[in-house]
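Trainee: I have not looked at this one before. Can you walk me through it?

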Amino acid sequence: MGKFVYLDHNATTPTERRVVAAMTPYFNKLYGNPSSIYKFAQEAQEAKEVARVKVAKILDAKPEEIIFTSSGTETDNFAIKGIAYANKERGNHIITSKIEHLAVLNTCKWIEKQGFKVTYIGVDKYGVVDLDELKDAITDKTILITIMHANNEVGTIEPIREISKFAKERGIYMHTDAVQTVGKIPTDVNELGVDLLSLSGHKFYGPKGVGALFIRKRTKIDSLLHSGHHERNRRAGTENVPGIVGIGKACEIAIKEREEEEKKLKILRDRLQKGIEEKIDDVIINGHPKKRLSGTLNVCIKYIEGESMLLNLDFEGIAASSGSACTSGTLEPSHVLLALGIPPEVAHGSLRFSLGRDNTEEDIDRVTEVLPPIVKKLRAMTPFGKGRENGLRWNNQKK
Ligand code: PLP
(Lines give C-alpha, C1' and ligand atoms only; values in the text may rest on other atoms or scores of the structure.)
Protein backbone atom coordinates (compact mmCIF):
# COMPACT_ATOMS: atom_id res chain seq x y z
CA MET A 1 0.00 0.00 0.00
CA GLY A 2 1.27 3.49 -0.90
CA LYS A 3 0.99 6.68 1.10
CA PHE A 4 -2.39 7.34 2.80
CA VAL A 5 -4.40 9.68 0.59
CA TYR A 6 -7.20 11.65 2.29
CA LEU A 7 -9.86 12.89 -0.12
CA ASP A 8 -12.80 13.42 2.23
CA HIS A 9 -12.37 17.04 3.30
CA ASN A 10 -16.11 17.81 3.01
CA ALA A 11 -16.62 15.29 5.83
CA THR A 12 -13.91 16.85 7.97
CA THR A 13 -10.48 18.44 7.73
CA PRO A 14 -7.45 17.98 9.95
CA THR A 15 -7.14 20.70 12.59
CA GLU A 16 -4.22 22.54 11.15
CA ARG A 17 -0.92 22.98 12.99
CA ARG A 18 -1.26 26.77 13.43
CA VAL A 19 -4.78 26.31 14.80
CA VAL A 20 -3.66 23.66 17.30
CA ALA A 21 -0.82 25.95 18.43
CA ALA A 22 -3.26 28.83 19.02
CA MET A 23 -5.67 26.60 20.97
CA THR A 24 -3.16 24.75 23.15
CA PRO A 25 -2.66 27.32 25.96
CA TYR A 26 -6.43 27.45 26.58
CA PHE A 27 -6.62 23.80 27.63
CA ASN A 28 -4.35 23.84 30.65
CA LYS A 29 -2.65 27.23 31.06
CA LEU A 30 -5.35 29.84 30.46
CA TYR A 31 -8.19 27.56 31.46
CA GLY A 32 -10.31 30.07 33.38
CA ASN A 33 -14.08 30.19 32.95
CA PRO A 34 -14.74 33.31 30.85
CA SER A 35 -17.69 34.19 33.10
CA SER A 36 -15.50 34.48 36.22
CA ILE A 37 -14.46 38.00 37.19
CA TYR A 38 -10.79 37.60 38.21
CA LYS A 39 -8.02 38.57 35.82
CA PHE A 40 -6.91 35.01 35.08
CA ALA A 41 -10.36 34.13 33.70
CA GLN A 42 -10.59 37.41 31.85
CA GLU A 43 -7.72 36.26 29.63
CA ALA A 44 -9.97 33.47 28.38
CA GLN A 45 -12.80 35.97 27.95
CA GLU A 46 -10.54 38.24 25.89
CA ALA A 47 -9.36 35.36 23.70
CA LYS A 48 -12.99 34.49 23.00
CA GLU A 49 -13.74 38.07 21.96
CA VAL A 50 -10.66 38.22 19.73
CA ALA A 51 -11.90 35.03 18.04
CA ARG A 52 -15.35 36.59 17.60
CA VAL A 53 -13.79 39.51 15.72
CA LYS A 54 -11.99 37.06 13.40
CA VAL A 55 -15.14 35.05 12.67
CA ALA A 56 -17.06 38.30 12.06
CA LYS A 57 -14.33 39.41 9.65
CA ILE A 58 -14.63 36.40 7.33
CA LEU A 59 -18.36 37.18 7.06
CA ASP A 60 -18.00 40.99 6.98
CA ALA A 61 -20.33 40.99 10.00
CA LYS A 62 -20.16 42.80 13.34
CA PRO A 63 -18.64 40.85 16.24
CA GLU A 64 -21.87 41.20 18.26
CA GLU A 65 -23.70 39.40 15.43
CA ILE A 66 -21.71 36.17 16.01
CA ILE A 67 -22.88 33.51 18.50
CA PHE A 68 -20.64 30.50 19.19
CA THR A 69 -22.22 27.04 19.27
CA SER A 70 -21.11 23.41 19.44
CA SER A 71 -21.37 22.47 15.72
CA GLY A 72 -22.88 23.12 12.33
CA THR A 73 -25.75 20.87 13.38
CA GLU A 74 -26.57 22.90 16.49
CA THR A 75 -26.24 26.11 14.49
CA ASP A 76 -28.76 24.99 11.85
CA ASN A 77 -31.16 23.82 14.58
CA PHE A 78 -30.76 27.14 16.39
CA ALA A 79 -31.46 29.19 13.24
CA ILE A 80 -34.56 27.24 12.17
CA LYS A 81 -36.20 26.50 15.52
CA GLY A 82 -35.17 29.89 16.93
CA ILE A 83 -36.78 31.83 14.07
CA ALA A 84 -39.84 29.58 13.93
CA TYR A 85 -40.72 29.94 17.61
CA ALA A 86 -39.91 33.65 17.90
CA ASN A 87 -42.03 34.52 14.85
CA LYS A 88 -44.92 32.10 15.14
CA GLU A 89 -47.40 34.93 15.66
CA ARG A 90 -46.50 36.18 12.18
CA GLY A 91 -46.74 32.85 10.38
CA ASN A 92 -45.94 29.15 10.44
CA HIS A 93 -44.44 28.49 7.01
CA ILE A 94 -40.80 27.72 6.20
CA ILE A 95 -39.21 27.13 2.79
CA THR A 96 -36.14 24.97 2.26
CA SER A 97 -34.75 22.75 -0.52
CA LYS A 98 -34.71 19.01 -1.12
CA ILE A 99 -30.91 18.87 -1.11
CA GLU A 100 -30.14 20.36 2.31
CA HIS A 101 -27.93 18.59 4.81
CA LEU A 102 -29.80 16.47 7.36
CA ALA A 103 -29.06 19.14 9.98
CA VAL A 104 -31.61 21.28 8.11
CA LEU A 105 -33.87 18.60 6.60
CA ASN A 106 -34.45 16.67 9.79
CA THR A 107 -34.92 19.87 11.78
CA CYS A 108 -37.59 20.88 9.25
CA LYS A 109 -39.22 17.45 9.54
CA TRP A 110 -39.29 17.74 13.32
CA ILE A 111 -40.72 21.24 13.23
CA GLU A 112 -43.53 20.06 10.93
CA LYS A 113 -44.61 17.79 13.78
CA GLN A 114 -44.86 20.86 16.01
CA GLY A 115 -47.45 22.47 13.73
CA PHE A 116 -45.24 24.38 11.28
CA LYS A 117 -45.54 23.87 7.51
CA VAL A 118 -42.45 23.31 5.38
CA THR A 119 -42.13 23.44 1.59
CA TYR A 120 -39.19 21.51 0.12
CA ILE A 121 -38.14 23.12 -3.19
CA GLY A 122 -36.72 21.02 -6.03
CA VAL A 123 -33.48 21.56 -7.94
CA ASP A 124 -32.41 21.24 -11.58
CA LYS A 125 -30.12 18.51 -12.90
CA TYR A 126 -27.08 20.40 -11.59
CA GLY A 127 -28.52 20.86 -8.12
CA VAL A 128 -29.47 24.54 -8.46
CA VAL A 129 -32.61 25.49 -6.55
CA ASP A 130 -35.61 26.28 -8.79
CA LEU A 131 -36.18 30.00 -8.23
CA ASP A 132 -39.65 30.06 -9.82
CA GLU A 133 -40.83 27.22 -7.62
CA LEU A 134 -39.38 29.03 -4.63
CA LYS A 135 -41.10 32.33 -5.47
CA ASP A 136 -44.41 30.53 -6.00
CA ALA A 137 -44.09 28.79 -2.65
CA ILE A 138 -43.96 32.07 -0.69
CA THR A 139 -47.19 32.83 1.18
CA ASP A 140 -48.28 35.45 3.70
CA LYS A 141 -47.42 32.96 6.40
CA THR A 142 -43.79 32.41 5.29
CA ILE A 143 -41.40 33.45 8.04
CA LEU A 144 -38.12 31.82 6.96
CA ILE A 145 -36.31 30.65 3.83
CA THR A 146 -33.35 28.38 4.53
CA ILE A 147 -31.22 27.32 1.54
CA MET A 148 -27.66 26.03 1.75
CA HIS A 149 -24.83 28.12 0.28
CA ALA A 150 -23.16 25.10 -1.34
CA ASN A 151 -24.11 21.46 -1.29
CA ASN A 152 -21.85 19.12 0.65
CA GLU A 153 -22.25 16.17 -1.74
CA VAL A 154 -22.03 17.66 -5.22
CA GLY A 155 -20.56 21.10 -4.41
CA THR A 156 -23.15 23.15 -6.34
CA ILE A 157 -23.23 26.78 -5.21
CA GLU A 158 -26.75 28.18 -4.80
CA PRO A 159 -27.97 31.65 -5.90
CA ILE A 160 -28.30 32.91 -2.33
CA ARG A 161 -28.15 36.60 -3.24
CA GLU A 162 -31.17 36.29 -5.57
CA ILE A 163 -33.14 34.30 -3.00
CA SER A 164 -32.31 36.79 -0.24
CA LYS A 165 -33.66 39.54 -2.49
CA PHE A 166 -37.13 37.97 -2.73
CA ALA A 167 -37.02 37.19 0.99
CA LYS A 168 -36.22 40.80 1.84
CA GLU A 169 -38.94 42.17 -0.45
CA ARG A 170 -41.47 40.02 1.39
CA GLY A 171 -40.11 40.66 4.91
CA ILE A 172 -39.06 37.00 5.32
CA TYR A 173 -35.94 35.96 7.23
CA MET A 174 -33.23 34.34 5.09
CA HIS A 175 -30.85 31.72 6.51
CA THR A 176 -28.05 29.94 4.69
CA ASP A 177 -26.13 26.88 5.81
CA ALA A 178 -22.61 27.95 4.81
CA VAL A 179 -20.89 25.04 6.56
CA GLN A 180 -19.29 23.97 3.26
CA THR A 181 -18.37 27.44 2.03
CA VAL A 182 -16.83 29.43 4.88
CA GLY A 183 -13.08 29.45 4.29
CA LYS A 184 -13.54 28.19 0.71
CA ILE A 185 -15.41 30.90 -1.25
CA PRO A 186 -16.46 34.47 -0.33
CA THR A 187 -19.03 34.47 2.47
CA ASP A 188 -19.81 38.17 2.94
CA VAL A 189 -23.21 38.29 4.64
CA ASN A 190 -23.99 41.69 3.11
CA GLU A 191 -23.19 40.49 -0.41
CA LEU A 192 -25.26 37.37 0.23
CA GLY A 193 -28.01 39.47 1.83
CA VAL A 194 -28.74 36.88 4.52
CA ASP A 195 -30.09 37.42 8.04
CA LEU A 196 -28.61 34.21 9.43
CA LEU A 197 -25.62 32.07 8.38
CA SER A 198 -24.26 28.83 9.87
CA LEU A 199 -20.63 27.73 9.95
CA SER A 200 -18.64 24.90 11.52
CA GLY A 201 -14.95 24.86 12.51
CA HIS A 202 -13.96 21.38 11.41
CA LYS A 203 -14.82 21.91 7.74
CA PHE A 204 -12.06 24.46 7.22
CA TYR A 205 -9.13 23.26 9.34
CA GLY A 206 -10.52 24.39 12.68
CA PRO A 207 -11.42 21.96 15.49
CA LYS A 208 -14.47 19.71 15.68
CA GLY A 209 -17.26 20.56 18.10
CA VAL A 210 -17.41 24.30 17.51
CA GLY A 211 -19.64 26.31 15.20
CA ALA A 212 -21.08 29.77 14.96
CA LEU A 213 -24.29 31.46 13.89
CA PHE A 214 -24.36 34.90 12.33
CA ILE A 215 -27.55 36.66 13.44
CA ARG A 216 -28.13 40.04 11.81
CA LYS A 217 -28.93 42.83 14.26
CA ARG A 218 -32.65 43.17 15.11
CA THR A 219 -33.46 39.58 14.04
CA LYS A 220 -36.15 38.12 16.29
CA ILE A 221 -34.87 34.70 17.39
CA ASP A 222 -35.42 32.42 20.38
CA SER A 223 -32.66 30.46 22.12
CA LEU A 224 -32.42 26.67 22.16
CA LEU A 225 -30.36 26.36 25.34
CA HIS A 226 -31.26 28.07 28.61
CA SER A 227 -29.08 28.62 31.66
CA GLY A 228 -26.78 31.58 32.37
CA HIS A 229 -26.14 34.77 30.41
CA HIS A 230 -23.53 33.39 28.03
CA GLU A 231 -23.31 34.62 24.43
CA ARG A 232 -25.49 37.71 25.02
CA ASN A 233 -28.24 35.51 26.50
CA ARG A 234 -28.59 33.68 23.20
CA ARG A 235 -26.72 30.42 23.77
CA ALA A 236 -26.24 29.27 27.34
CA GLY A 237 -23.41 27.02 28.51
CA THR A 238 -19.78 27.57 29.52
CA GLU A 239 -17.97 28.38 26.32
CA ASN A 240 -15.55 25.99 24.60
CA VAL A 241 -12.72 28.51 24.76
CA PRO A 242 -10.01 26.40 23.02
CA GLY A 243 -12.51 25.54 20.27
CA ILE A 244 -13.57 29.16 19.87
CA VAL A 245 -9.94 30.31 19.70
CA GLY A 246 -9.41 27.54 17.10
CA ILE A 247 -12.30 28.55 14.86
CA GLY A 248 -11.11 32.17 15.07
CA LYS A 249 -7.60 31.16 14.00
CA ALA A 250 -8.98 29.01 11.16
CA CYS A 251 -10.90 32.08 9.91
CA GLU A 252 -7.79 34.28 10.16
CA ILE A 253 -5.79 31.78 8.07
CA ALA A 254 -8.60 31.33 5.53
CA ILE A 255 -8.95 35.10 5.03
CA LYS A 256 -5.28 35.23 3.95
CA GLU A 257 -4.96 31.94 2.07
CA ARG A 258 -8.41 31.08 0.70
CA GLU A 259 -8.04 32.51 -2.81
CA GLU A 260 -4.74 30.79 -3.59
CA GLU A 261 -6.01 27.56 -2.14
CA GLU A 262 -9.18 27.67 -4.21
CA LYS A 263 -7.13 27.99 -7.42
CA LYS A 264 -4.87 25.10 -6.45
CA LEU A 265 -7.81 22.86 -5.55
CA LYS A 266 -9.55 23.55 -8.83
CA ILE A 267 -6.48 22.49 -10.82
CA LEU A 268 -6.21 19.26 -8.82
CA ARG A 269 -9.96 18.55 -8.94
CA ASP A 270 -10.04 19.09 -12.72
CA ARG A 271 -7.06 16.75 -13.11
CA LEU A 272 -8.92 14.09 -11.13
CA GLN A 273 -12.11 14.58 -13.13
CA LYS A 274 -10.24 14.37 -16.45
CA GLY A 275 -8.33 11.27 -15.36
CA ILE A 276 -11.52 9.47 -14.30
CA GLU A 277 -13.41 10.46 -17.46
CA GLU A 278 -10.53 9.35 -19.67
CA LYS A 279 -9.93 6.01 -18.00
CA ILE A 280 -13.42 4.83 -17.01
CA ASP A 281 -16.51 4.42 -19.25
CA ASP A 282 -20.05 5.20 -18.23
CA VAL A 283 -19.26 7.87 -15.71
CA ILE A 284 -21.51 10.82 -14.83
CA ILE A 285 -20.11 13.96 -13.24
CA ASN A 286 -22.58 15.39 -10.74
CA GLY A 287 -23.06 19.02 -9.72
CA HIS A 288 -22.85 22.25 -11.67
CA PRO A 289 -20.06 22.33 -14.30
CA LYS A 290 -18.97 25.83 -13.20
CA LYS A 291 -20.80 26.98 -10.07
CA ARG A 292 -19.26 24.29 -7.91
CA LEU A 293 -16.86 24.20 -4.94
CA SER A 294 -13.39 23.89 -6.41
CA GLY A 295 -12.37 20.93 -4.24
CA THR A 296 -15.45 18.76 -4.76
CA LEU A 297 -15.83 16.00 -7.35
CA ASN A 298 -18.89 13.75 -7.23
CA VAL A 299 -19.15 11.02 -9.85
CA CYS A 300 -21.54 8.17 -10.51
CA ILE A 301 -19.81 5.13 -11.92
CA LYS A 302 -22.51 3.05 -13.54
CA TYR A 303 -23.13 -0.65 -12.88
CA ILE A 304 -21.42 -0.79 -9.48
CA GLU A 305 -22.06 0.31 -5.92
CA GLY A 306 -20.24 3.21 -4.35
CA GLU A 307 -19.79 1.30 -1.09
CA SER A 308 -17.81 -1.51 -2.80
CA MET A 309 -15.60 1.03 -4.54
CA LEU A 310 -14.99 2.79 -1.21
CA LEU A 311 -13.95 -0.41 0.51
CA ASN A 312 -11.57 -1.24 -2.33
CA LEU A 313 -10.14 2.29 -2.28
CA ASP A 314 -9.75 2.05 1.48
CA PHE A 315 -7.78 -1.14 0.99
CA GLU A 316 -5.42 0.90 -1.20
CA GLY A 317 -5.12 3.61 1.47
CA ILE A 318 -7.45 6.11 -0.20
CA ALA A 319 -10.23 7.71 1.89
CA ALA A 320 -13.22 9.09 -0.02
CA SER A 321 -16.96 8.85 0.51
CA SER A 322 -20.18 8.00 -1.20
CA GLY A 323 -22.89 10.56 -0.57
CA SER A 324 -22.28 12.43 2.67
CA ALA A 325 -20.59 11.17 5.80
CA CYS A 326 -23.95 11.30 7.58
CA THR A 327 -25.85 9.18 5.08
CA SER A 328 -23.19 6.68 3.99
CA GLY A 329 -23.75 3.38 5.71
CA THR A 330 -27.53 3.59 5.32
CA LEU A 331 -27.49 1.86 1.87
CA GLU A 332 -30.15 4.32 0.74
CA PRO A 333 -29.16 6.25 -2.37
CA SER A 334 -28.32 9.86 -1.64
CA HIS A 335 -31.37 12.16 -1.36
CA VAL A 336 -29.29 14.82 -3.10
CA LEU A 337 -28.56 12.71 -6.18
CA LEU A 338 -32.19 11.58 -6.37
CA ALA A 339 -33.30 15.24 -6.23
CA LEU A 340 -30.98 15.90 -9.21
CA GLY A 341 -33.04 13.33 -11.12
CA ILE A 342 -30.43 10.58 -11.10
CA PRO A 343 -32.05 7.11 -11.16
CA PRO A 344 -31.59 5.20 -7.86
CA GLU A 345 -29.54 2.41 -9.47
CA VAL A 346 -27.08 5.00 -10.85
CA ALA A 347 -27.07 7.05 -7.63
CA HIS A 348 -25.91 3.90 -5.82
CA GLY A 349 -22.65 4.12 -7.74
CA SER A 350 -21.66 7.54 -6.46
CA LEU A 351 -18.26 8.52 -5.16
CA ARG A 352 -17.38 11.86 -3.63
CA PHE A 353 -13.79 13.06 -3.61
CA SER A 354 -13.27 16.26 -1.65
CA LEU A 355 -9.81 17.73 -1.85
CA GLY A 356 -7.95 19.83 0.66
CA ARG A 357 -4.94 21.94 1.52
CA ASP A 358 -2.38 19.12 1.69
CA ASN A 359 -3.36 17.16 -1.42
CA THR A 360 -0.83 16.90 -4.24
CA GLU A 361 -0.80 15.86 -7.90
CA GLU A 362 0.72 12.61 -6.73
CA ASP A 363 -2.40 11.91 -4.63
CA ILE A 364 -4.65 12.56 -7.62
CA ASP A 365 -2.57 10.38 -9.93
CA ARG A 366 -2.70 7.57 -7.42
CA VAL A 367 -6.53 7.61 -7.56
CA THR A 368 -6.60 7.62 -11.35
CA GLU A 369 -4.15 4.72 -11.34
CA VAL A 370 -5.91 2.62 -8.68
CA LEU A 371 -9.60 3.28 -9.45
CA PRO A 372 -9.88 1.94 -13.05
CA PRO A 373 -8.77 -1.63 -12.14
CA ILE A 374 -11.13 -1.57 -9.12
CA VAL A 375 -14.02 -0.57 -11.38
CA LYS A 376 -13.08 -3.25 -13.92
CA LYS A 377 -12.95 -5.92 -11.22
CA LEU A 378 -16.27 -4.91 -9.63
CA ARG A 379 -18.04 -4.60 -12.97
CA ALA A 380 -16.93 -8.11 -13.86
CA MET A 381 -18.43 -9.38 -10.59
CA THR A 382 -21.76 -7.57 -10.59
CA PRO A 383 -24.92 -9.31 -11.81
CA PHE A 384 -26.33 -5.86 -12.67
CA GLY A 385 -23.63 -4.83 -15.12
CA LYS A 386 -23.74 -3.37 -18.56
CA GLY A 387 -25.77 -5.48 -20.95
CA ARG A 388 -27.65 -6.95 -18.02
CA GLU A 389 -29.87 -3.94 -17.39
CA ASN A 390 -32.96 -6.12 -17.61
CA GLY A 391 -31.88 -8.16 -14.62
CA LEU A 392 -32.80 -7.34 -11.06
CA ARG A 393 -32.15 -3.75 -10.08
CA TRP A 394 -30.77 -2.77 -6.69
CA ASN A 395 -33.87 -0.84 -5.78
CA ASN A 396 -36.06 -3.90 -6.39
CA GLN A 397 -33.69 -6.20 -4.64
CA LYS A 398 -33.35 -4.15 -1.49
CA LYS A 399 -36.87 -4.39 0.00
N1 PLP B 1 -24.36 21.44 7.06
C2 PLP B 1 -23.59 20.97 6.06
C3 PLP B 1 -23.80 21.49 4.67
C4 PLP B 1 -22.61 20.02 6.31
O5 PLP B 1 -21.87 19.54 5.33
C6 PLP B 1 -22.44 19.56 7.65
C7 PLP B 1 -21.47 18.49 7.96
O8 PLP B 1 -21.29 17.55 7.20
C9 PLP B 1 -23.27 20.09 8.66
C10 PLP B 1 -24.21 21.03 8.33
C11 PLP B 1 -23.14 19.66 10.09
O12 PLP B 1 -21.98 20.21 10.67
P13 PLP B 1 -21.33 19.55 11.98
O14 PLP B 1 -20.60 18.33 11.52
O15 PLP B 1 -20.40 20.61 12.50
O16 PLP B 1 -22.42 19.25 12.92
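Mentor: We will go through two surface patches and one strand residue.
Mentor: This is a predicted model, where local features need pLDDT of at least 70, side-chain atom pairs count only at pLDDT 80 or more, and totals for chains, interfaces and linings use all residues. Residues are numbered from 1 along each chain as its sequence is written, and side-chain values use heavy atoms, with hydrogens and water left out.

Trainee: Ok, which residues gather in a patch of positive charge?
Mentor: Lys 62, Lys 217, Arg 218 and Arg 232 do, on the surface. Patch residues have over 30% relative accessible area (Shrake-Rupley method, 1.4 Å probe) and no salt bridge (a side-chain nitrogen of Lys or Arg within 4 Å of a carboxyl oxygen of Asp or Glu). Like charges are joined within 9 Å, placed at NZ of Lys or CZ of Arg.

Trainee: Is Arg 218 buried or exposed?
Mentor: Arg 218 counts as exposed because its relative accessibility is 77%; exposed means over 50%, buried under 20%, and partly exposed in between.

Trainee: And where is Arg 218?
Mentor: In the loop between strand E8 (211–215) and helix H9 (230–233). Helices (H or I, at least four residues) and strands (E, at least two) are DSSP runs.

Trainee: Switching topic, which residues form the nonpolar patch?
Mentor: Tyr 31, Ile 37, Tyr 38 and Phe 40, with about 500 Å² of accessible area together. Nonpolar side chains are joined within 5 Å. Tyr 38 is partly exposed, at 48%.

Trainee: What does Asn 286 touch?
Mentor: Its contacts (heavy atoms within 4.5 Å) include Val 154, Arg 292 and Leu 337, not counting residues up to four places away in sequence. Asn 286 lies in strand E9 and counts as buried, at 2% relative accessibility.

Note on methods
Lys and Arg count as positive and Asp and Glu as negative; His and the chain ends are not counted. Buried means under 20% relative accessible area, exposed over 50%, partly exposed in between (1.4 Å probe, protein chains only).
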